[in-house]
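Please look through the structure shown here before reading on. The paragraphs after it explain a few of its parts in turn.

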Amino acid sequence: MNADELPTLRDELEAHGLWANKGLGQHFLLDLNITRRIARTAGELAGQQVIEVGPGPGGLTRALLETGAHVTAIEKDPRFLPLLEPLIEWSEGRLRIVQGDALEADESELVNGARAAVISNLPYNVGTPLLVKWLKARPWRGDMTLMFQKEVAQRIVAKPGSDAYGRLAVLAQARCDARLEFTVPARAFTPPPKIASAIVRLTDRADPYPHLEAIERVTAAAFGQRRKMLRSALRALTPDAEPLLRAAGLEPTARAEEIDQNGFRRLADAWRATA
Ligand code: SAM
């Protein structure tokens, strides 16, 4: 099946008198070359379950359906349902549309507990909370291929010692290997946002860290005052942080941005042992 046989997305938007609602982070990809590239980046999808958040007019949805995937698309804005519904028949029933807020969705129930890839051009305003929700989710969640603002993408894949390294990198990399795959210029979107975006691919690590809440707590304290030495920054967690740091094998004079994934895992373990 080929999405080129469908009316163009631009014609569909015009025919339905639809425009972008900035409050819902709506910036559309109307060029199938780009949405097909996103689908390709996600790997082999034929016969696989996919969850897409925010299909909007359906550019990425079309590219996903072309691969032979079964797509569950969660869209908050009901105005787009008339554009999406014809795709159900076109895909011979491989599309399910759910109208609602993805932050509140129970994805596991939507896919009957089956493993599902998550592939989305995310709304900017809820991209990070959705990622954190999915990092914690299991066992339904498969690999994730997600579009973020470029600066957020850089924070997800950042390594120690860089300015972008912080809570989000440690949290994401506690569960996943994260790679920035490619950037998409602002002009590729309708309407164009102020800044470029980037696709990040997150695949499950062989050794995921199980206690994400503990990582959230220790990184909140450590990066809350990222320029300070850990023995001061961690006072937000405990009045005397030195024994905790010693138990984790970390220098009390080190700063959060120098601590790698294994260091934060040891710190989270040490904190759990005292909590
Ligand atoms: N996938 C489309 C594309 O690539 O052209 C649209 C992407 S647009 C950046 C984000 C989409 O997410 C919009 O359709 C918007 O209505 C939807 N959206 C915003 N907040 C949402 C939420 N909390 N739950 C579900 N969808 C949401």
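What follows is a walk through some helices, two residues of one strand, and a few unusual backbone positions. The model is predicted.

We begin with helix 2, which covers residues 32-41. Seven of its 10 residues are buried, so helix 2 is largely enclosed by the rest of the structure. Buried here means a relative accessible area under 20%. The residues in question are L32, I34, T35, R36, I38, A39 and T41. Their cover includes strand 1 (28-29), helix 3 (59-66) and strand 5 (116-121). It also includes strand 6 (141-149), strand 7 (176-184) and strand 9 (197-204). Both ends of helix 2 have a detail to look at. At its start, a side-chain oxygen of D31 comes to within 2.8 Å of the backbone nitrogen of N33. Just after helix 2, G43 has a positive phi of about 90°.

Next comes helix 9, which spans residues 167-175. Three helices that it packs against are taken in turn, starting with helix 7 (residues 127-136). The axes of helix 7 and helix 9 come within 9 Å and cross at roughly 30°. An angle under 35 degrees counts as roughly parallel, and helix 7 and helix 9 are therefore roughly parallel to each other. Their crossing is left-handed. On the side of helix 7, the contact is made by T128, L131, V132, L135 and K136. On the side of helix 9, it is made by L168, L171, A172 and R175. Sorted by class, this contact has six nonpolar, one polar and two charged residues.

How does helix 8 lie against helix 9, and at what angle do they pack? Helix 8 comprises residues 150-157, and its axis is 6 Å from that of helix 9, at an angle of about 60°. Helix 8 and helix 9 are therefore oblique to each other. Here V152, R155, I156 and V157 of helix 8 meet L168, A169, A172 and Q173 of helix 9. By class, six nonpolar, one polar and one charged residues make up this contact. L168 and A172 of helix 9 thus appear in the contact with helix 8 and also in the contact with helix 7.

The third partner is helix 10, residues 212-224. Its axis and that of helix 9 are 9 Å apart, and the packing angle is about 160°. Angles over 145 degrees count as roughly antiparallel, and helix 9 and helix 10 are therefore roughly antiparallel to each other. Helix 9 passes helix 10 in a right-handed crossing. From helix 9, the residues involved are R167, V170, L171, A174 and R175. They meet L212, I215, E216, T219, A220 and F223 of helix 10. The classes in this contact are seven nonpolar, one polar and three charged residues.

Strand 9 has already been named as part of the cover of helix 2. Two of its residues are S197 and D204. Is S197 buried or exposed? S197 is buried, with a relative accessible area of 0%. Its side chain makes a polar contact of 2.7 Å with the side chain of Y124. Beyond its neighbours within four places in sequence, S197 is in contact with several residues, among them M147, F148, T183 and F189.

D204, by comparison, is partly exposed, with a relative accessible area of 29%. The side chains of D204 and R141 are joined by a polar contact of 3.2 Å. D204 and C176 are 28 residues apart along the chain, but their C-alpha atoms are separated by 4.5 Å. Outside its neighbours within four places in sequence, D204 also contacts R175 and D177, among others.

Finally, some backbone positions deserve a look. Most residues other than glycine have a negative phi, and most peptide bonds are trans. The peptide bond from R138 to P139 is cis, with omega near 5°. P139 is in the loop between helix 7 and strand 6. A cis peptide bond also joins T190 and P191, with omega about -10°. P191 lies in the loop between strand 8 (189-190) and strand 9.

E92 is not a glycine, yet it has a positive phi of about 55°. E92 is in the loop between helix 5 (86-90) and strand 4 (95-99), and it is exposed, with a relative accessible area of 75%. N112 also has a positive phi, near 50°. N112 is in the loop between helix 6 (107-110) and strand 5, and its relative accessible area of 73% makes it exposed.

Methods: Residues numbered from 1 in each chain as written. Predicted model: local features only at pLDDT ≥ 70, side-chain atom pairs only at ≥ 80, totals over all residues. Heavy atoms only, no water. Axes fitted to C-alpha atoms, helices over the stretch in contact; angles between N-to-C directions. Helix = DSSP H or I, 4+ residues; strand = E, 2+ residues; numbered from the N terminus. Parallel < 35°, antiparallel > 145°, perpendicular 65-115°, else oblique. Left-handed = near helix turned anticlockwise from the far one by under 90°. Contact = heavy atoms within 4.5 Å. Nonpolar A, V, L, I, M, F, W, Y, C, P; charged D, E, K, R; others polar. Buried < 20%, exposed > 50% of the residue type's maximum accessible area, 1.4 Å probe, protein only. Polar contact = N/O pair within 3.5 Å; in protein donor to acceptor, adjacent residues only side chain to side chain.
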